[in-house]
Amino acid sequence: MAGIAAGSYALLRTPIDAFPDTTPVQVQINTSAPSLNPEEIEQQITLPIELALGGLPGLTNVRSISKFGLSQVVATFSDETPIVDARQYVSERLYTVELADDFARPELGPIATGLGEVFHYILYSPKGTKSLTDLRTLHDWVVRPELRKVSGVAEVNSWGGFKKEFHVVVAPELLLKYDLTLNDVFSALERNNENVGGGMITSGGQSRLVHGLGRVSSSREIGAIVISSFDGVPVHIRDIAADVKVDHELRRGAVTANGRGEVVLGLAFMLMGENSKVVTERLKESLTRVQQALPEDVAVDVVYDRTELTTEVINTVTHNLAAGGLLVVVVLFVLLGNLRAGLLVAVTIPLAMLFAAVGMYHFAIAASLLSLGAIDFGIIVDGSVVMTEANLRAISEKTRQLKRTLSRSERLETLLQSASEVATPIVYGMIIITVVFFPVLALEGIEGKMFRPMALTFIFALAGALLIALTLTPVLNYFFLPKSIVGEESRLIRWLNGNYERCLALAIRFRRYVVSGAIVMMLLAAWGASTLGGEFLPRLSEGAIVLNTIRLAGVSVDEATRYNTEIEKLLLERFPNEIRHIWSRLGTAEVATDPMGIELTDVFISLNPREMWTKAASQSELVVEMQDALDDLPGVNIVATQPIELRLNEMASGIRSDLGIKIYGDDFEQLVALSDAVQEVLTGIEGRSDVAGDQLTGQPTVQIKIDTEAVARFGLSSRDVLNFVESVGGRSVGSVYVGQRKFPLVIRLSDQHRENIDVLRETLIPTESGLRVPLGSVAKIVETEGISTIAREWGKRLIRVQANVAGRDVSSFVTEAQAAIAEKVTLPDGYLIEWGGQFENLVQAKRRFMLVVPITLLLVFVLLFFSLRNLRDVLLVYSGIPFAAVGGVFGLWLRGIPFSVSAAIGFIALSGIAVLNGQILVTAIRSRIAQGMVPDQAVKMAASDRLRPVLATAITDAVGFIPMALSTGVGAEVQRPLATVVIAGVTTSTLLTLLVLPLLYLFTAETASVEEQNA
């Protein structure tokens, strides 16, 4: 009862999530410099930060992105480094970085992981009565603060809309009229927009605070600020400005939704280690409350809710576990031939799961698709099946022998004797099944984080099942099995025994042919294994799609948003029954967790339940249909992925696709040329999909290069000229407080200076001598193509070529691609190519398995030797492992499933199952020989007696995985290879145990007899 209580307590408090979090320990460092181009960002911000991070404890990788107005450096640490320590290390180093005074200080990204982006919602005005500035202001000052109060939230991000600013739009011709410069305007606004404290005045025993008020709070007050006087008349800001108004900052991002145009997107990030289901529910409740504070003409729609995916995945897991458990109970009842016995064995399932829940709670393992989805109740009950079958058979034999009901003491003695006979094989068998999961525990990186929770949960459940089989099961059998069992075995068991005895006799008669056939099957399986191909993991269906669209660099925000709206309308028109919400986000959010350029857009699509679909039967088919629908759109390259997959891949390696090819070098033009050559090679390989390269160049740029001689000749300084250049985009000179809200105060030139280079070139700049000099006379203004993005890793520039693989396995695709690129692409000196993405994870997992699996198999061999104490018998039992693998290979081949880490874990589980059944049979044969039987008779009798427990354990192991093998629910893709391997492998393993193993035993017995006679 104490165990049930502890398990129930742990189960109720175990966090729930869709998938294990595979994000490495990372710290993002974001630095904003709104007016700088990528090369200046790299030189003045990114490089100093990268150099400062060198040598940090546990640091494994540093990569960076330098884009217009933004630097992001990502420091990755070893998994053993606590995230708090990693952030502390980085913070301390950032204090040593010296940046220009007009740059914002570097800021650390939120303490969130790849699974942290749990909640998306949009704000819009259905009637169009609220502007994008109004919507963004409402989100930043009403919605966002409330959601950030929610416990477990790391950050609430704003994306899209217009961020409100107060703009002084300077007219250069008016500056000239009043003989003023931009420095005069900057100084006037900075000096006339502040409040001060004057301490305290004490008079007549009373104290009064002194507060000096000089801060402006409206456009009218800004316009009334005096700059200087001209002919004795005050000159105000409004006198030299084309306008003083509320405007917005230069846009680096935008969001559209549902084909209706622009909206404001809110993204909530969960703190690392929190329960996503609980946090998301809290966010929904908080958003419902805050909606009441919004104007009636503002609507809020939740477009992405992680609880929906979590619920779907848990439903898949629950369905598979429930169906598997029911099948196991039915098989137990049929094979044991006794309802009570079947139910007594079935008790092991919930008790073992409660035991597993205690372990999950203690080790902070979330209940997810992988931690629970791979548990097979058939394997869990193996020990109790063997124990109950032995007890049942012993009571039946003793009852027939005495021809009466057993007394309590006789019943107890019979149960103890039968339990002791099978206790050793049960203990060693279950320990061996546990040991074979050690390679999974030894996995590192993404594959380790993905599958270690599954292995640990399985081990916890097996430990509980073993404890129950050795202690509780005999006790329950003593109290609840029938008092006497005098009837004959069921008709099914008699039929199975009769047919099995005939098959075994036939196999013994043609033993050489049977054994030769088994060897041929193993050889065929070895050949088949070499043709399977490989992938890291099957793609998990998330019930949502992300289409990454890539346009030419230099596209404007307005053009990109217009095009995104057209894509949304097209997809909604073509797939009305499949799409629930569709929204597109381009560029970068306020907190740059996902830095993109304006040329990049993520089109998010949340889907309706599959029963509503009419255009496709699966998500993969739907993706193909959508890509076909968008193929005719000009100037757009589209790559398909999913929300969680996108974030995990990007945070882990910066690569969004199945395959990433990193090309390292210094020269941008050379990198682009190599990227084009690699893409050309990839497009000629079968199975390639969504081939795309980073756009490093092609950004239209206006360069204004100061002529130092001309500047000196006219009595100007470079700063005088640069003030005008900076004011094209806008220069912040303070803040405007409106109530409790704070908005930037910005000086900029008029829109015509932003839109027309000739106007900019003819802009007159005042000099100290009174001359008016056109900007074009002191600076060279040219249009050119510049750098759009600079990516770096470990201090080296790089360009990435990414591709998805469709219709074939990743491993064979990469092998072919590597050979083709090595043949057709020549790398200059100093340039390197690295292969990453999912393929890199598969290679790492294979390398780890090749090291750990042989050690584990050796450990299994040692355990078997301690159990059987006979080298010949150990080798016989050990032969079950390769024969079980035969079925696993054939199963994957027949279903067209490539080898993956999921399938590898199926093979690992198979080796333990095969050893358990082989050990049961060999132990029984040895017991009969010890009683004086000749080997031939001992083999036949032992095989007949152990038919039922062998079948019971084998069939329950297989049927427990049948729902997983056939499931089409969300997340079932990762379970399918594992279940297929186990079901097919158990089939061939059982054939070996029942037919080939007895023959091998006879072969070895005959050989030993001949050797003794010769001696």
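**Close-up views of a predicted model**

**Figure 1. Strand β21 pairs with strand β29.** Strand β21 and strand β29 (residues 796-805) run antiparallel and are joined by four bridges. The model is predicted. Within this pairing, A692 stands opposite Q802 of β29. Strand β21 covers residues 688-693 and is mostly covered, with five of its six residues buried. In a regular strand, side chains alternate between the two faces of the sheet.

**Figure 2. Helix α6 and its buried residues.** Helix α6 comprises residues 182-191. Its buried residues are L182, V185, F186, A188 and L189. These residues lie on the same side of α6, because they cover an arc of only 165 degrees around the axis.

**Figure 3. D239 in helix α8.** D239 belongs to helix α8, which spans residues 237-240. Its relative accessible area is 24%, so D239 is partly exposed; the cut-off for buried is under 20%. Residues up to four places away in sequence aside, D239 touches L174, Y178 and P234. One of these contacts, Y178, is 61 residues from D239 along the chain. The C-alpha atoms of D239 and Y178 are separated by 9.0 Å.

**Figure 4. T588 in the loop between β17 and β18.** Strand β17 covers 579-587 and strand β18 covers 600-607; T588 sits in the loop between them. T588 has 9% relative accessibility and therefore counts as buried. Neighbours within four places in sequence are left aside here. Beyond them, T588 is in contact with L70, W159, R252, G253, P595 and M596.

**Figure 5. The whole protein chain, for orientation.** The protein chain holds 38 helices and 30 strands. Its C-alpha trace spans about 130 × 80 × 55 Å along the principal axes. Of its 1015 residues, 56% count as buried. Consider contacts between residues at least 6 apart in sequence: 79% of them join residues at least 24 apart. The protein chain exposes about 42,900 Å². Carbon and sulfur atoms supply 56% of that exposed area. The protein chain carries 88 positive and 108 negative charges. The mean positions of these two sets of charges are 9 Å apart.

Conventions: Residues numbered from 1 in each chain as written. Predicted model: local features only at pLDDT ≥ 70, side-chain atom pairs only at ≥ 80, totals over all residues. Heavy atoms only, no water. Buried < 20%, exposed > 50% of the residue type's maximum accessible area, 1.4 Å probe, protein only. Helix = DSSP H or I, 4+ residues; strand = E, 2+ residues; numbered from the N terminus. Pairing = 2+ DSSP bridges. Arc of directions from axis to C-beta. Contact = heavy atoms within 4.5 Å. Areas by Shrake-Rupley, 256 points an atom, 1.4 Å probe, with all protein chains shown as cover. Lys, Arg positive; Asp, Glu negative; His and termini not counted. Charge placed at Lys NZ, Arg CZ, Asp CG, Glu CD.
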